[in-house]
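Please look over the sequence and the model before reading on. This report walks through strands, surface and contacts in turn.

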Amino acid sequence: MSGAVEARIAELGLKLPEVVPPLAAYQPAVQSGVYIYTSGQLPMVEGKLPVTGKVGAEVTAEEAKALAATCALNALAAVKSVAGDLDRIKRVVKVVGFVASAADFTGQPGVINGASELLGEILGDKGVHARSAVGVTVLPLDAPVEVEVQVELTEA
């Protein structure tokens with residue numbers, strides 16, 4: 001049985017995916033106290049990257065913004081794998097987004113808005129967070145974007 005958060009995801013026409021398996025020696029998410037920290041989540045869809053390349057070159061900013069939203073959804077799946085229930089999210093504390101950027105691309109904040117806006121649509125005020133949006137040369141598997149999320153949980 002899914003809770004209110006998963007019902008909201010469905011209302012938005014989305015589906016909470018399976019947790020993306022790690023590409024190396026790490027866990028998708030870990031809990032410390034009342035906080036869950038996700039590893040960087042790529043925009044994997046059914047085990048594959050739908051697009052690869054640099055934003056501002058092979059990938060448009062709008063495409064990358066949609067991919068950032070996919071990363072956020074994957075991060076919520078990782079949170080659920082540890083918390084057991086997304087309704088335990090008290091708030092999203094921090095989002096860090098990495099954008100594989102062409103040398104002249106400076107729109108990283110707009111790209112990571114894809115993740116931030118989706119978290120707000122799903123969680124309302126609980127989705128408002130601090131954030132960093134960082135341009136990088138390359139990401140794993142030539143992904144255009146990667147997002148990590150830190151959430152605070154209500155007490156169990």
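V30 has a bridge partner in β2, and that partner is Y37. The model shown here is predicted. Keep that in mind throughout.

**The β1–β2 hairpin**

V30 falls within strand β1, which covers residues 29-32. β1 and β2 pair in the antiparallel sense, over 4 bridges. A second pair of residues helps to fix the picture: Q31 stands opposite I36 in β2. Between the two strands of this hairpin there are 2 residues. G33 takes a positive phi near 65° in the hairpin.

**Two faces of β2**

Strand β2 spans residues 35-38. Which of its residues belong to the covered face? They are I36 and T38. Y35 and Y37 make up the uncovered face. In a regular strand, side chains alternate between the two faces of the sheet. The list for β2 can be read with that rule in mind.

β2 also pairs with strand β5, residues 145-153. This pairing is antiparallel too, over 3 bridges. Here I36 turns up again, with V151 as its bridge partner in β5. I36 thus has Q31 opposite on one strand and V151 as partner on another.

**A record for the chain**

UniProt, in an unreviewed entry, places a feature at residues 6-148. The feature is named "domain: Endoribonuclease L-PSP/chorismate mutase-like". Over residues 6-148, the chain is 31% helix and 22% strand. The end C-alpha atoms of that stretch are 20 Å apart.

**Salt bridges**

How many salt bridges does a search of the whole structure find? The search finds 5. The table gives three pairs, including the N to O distance for each.

| Pair | N to O distance |
|---|---|
| E6 and K80 | 2.8 Å |
| D142 and K54 | 3.5 Å |
| K90 and E152 | 3.8 Å |

Start with E6 and K80, whose side chains meet in a salt bridge. E6 lies in helix α1 and K80 in helix α2 (residues 61-83), so this pair ties together parts that are 74 residues apart in sequence. E6 is buried, with a relative accessible area of 17%. K80 is partly exposed, at 27%.

Next come D142 and K54, whose side chains also meet in a salt bridge. D142 sits in the loop between β4 (130-136) and β5, and K54 in the loop between β2 and α2, so the pair ties together parts 88 residues apart in sequence. D142 has a relative accessible area of 29% and counts as partly exposed. K54 is partly exposed as well, at 21%.

Then take K90 and E152, joined by a salt bridge between their side chains. K90 lies in strand β3 and E152 in strand β5, so the pair ties together parts 62 residues apart in sequence. Is E152 buried or exposed? At 16% relative accessibility, E152 counts as buried. K90 is partly exposed, at 46%.

**A nonpolar patch**

Turn to the surface. L23, Y26 and L141 form a nonpolar patch there. Together they have about 290 Å² of accessible area. L23 is in the loop between α1 (4-11) and β1. At 49% relative accessibility, L23 counts as partly exposed, because the label exposed needs over 50%.

**A serine in a loop**

Where is S101 found? S101 is in the loop between β3 (89-100) and α3 (108-123). S101 is buried, with a relative accessible area of 13%. A polar atom of the S101 side chain lies 2.9 Å from the backbone oxygen of V99.

**The start of α1**

A4 has its place in helix α1. A4 counts as exposed, at 56% relative accessibility. Along the chain, A4 and L86 are 82 residues apart. Their C-alpha atoms are separated by 8.3 Å.

**Looking back**

Go back to β2 in the model. β2 pairs with β1 over 4 bridges and with β5 over 3 bridges. Now find E152 in β5, and its salt bridge partner K90 in β3. Last, find helix α1. It holds both A4 and E6, the partner of K80 in α2.

Note on methods
Residues are numbered from 1 along each chain as its sequence is written. This is a predicted model: local features need pLDDT of at least 70, side-chain atom pairs count only at pLDDT 80 or more; totals for chains, interfaces and linings use all residues. Side-chain values use heavy atoms; hydrogens and water are left out. Buried means under 20% relative accessible area, exposed over 50%, partly exposed in between (1.4 Å probe, protein chains only). Two strands pair if DSSP finds at least two bridges between them. Patches are made of residues with over 30% relative accessible area and no salt bridge: like charges are joined within 9 Å, nonpolar side chains (Val, Leu, Ile, Met, Phe, Trp, Tyr) within 5 Å. Accessible areas come from the Shrake-Rupley method with a 1.4 Å probe; for residues, only the protein chains shown count as cover. A salt bridge is a side-chain nitrogen of Lys or Arg within 4 Å of a carboxyl oxygen of Asp or Glu. UniProt positions are given in the numbering used here, feature names are shortened, and annotations may be inferred rather than shown by experiment. A polar contact is a pair of N or O atoms within 3.5 Å; within protein, one must be able to donate a hydrogen and the other to accept it, and residues adjacent in sequence count only if both atoms are side-chain atoms.
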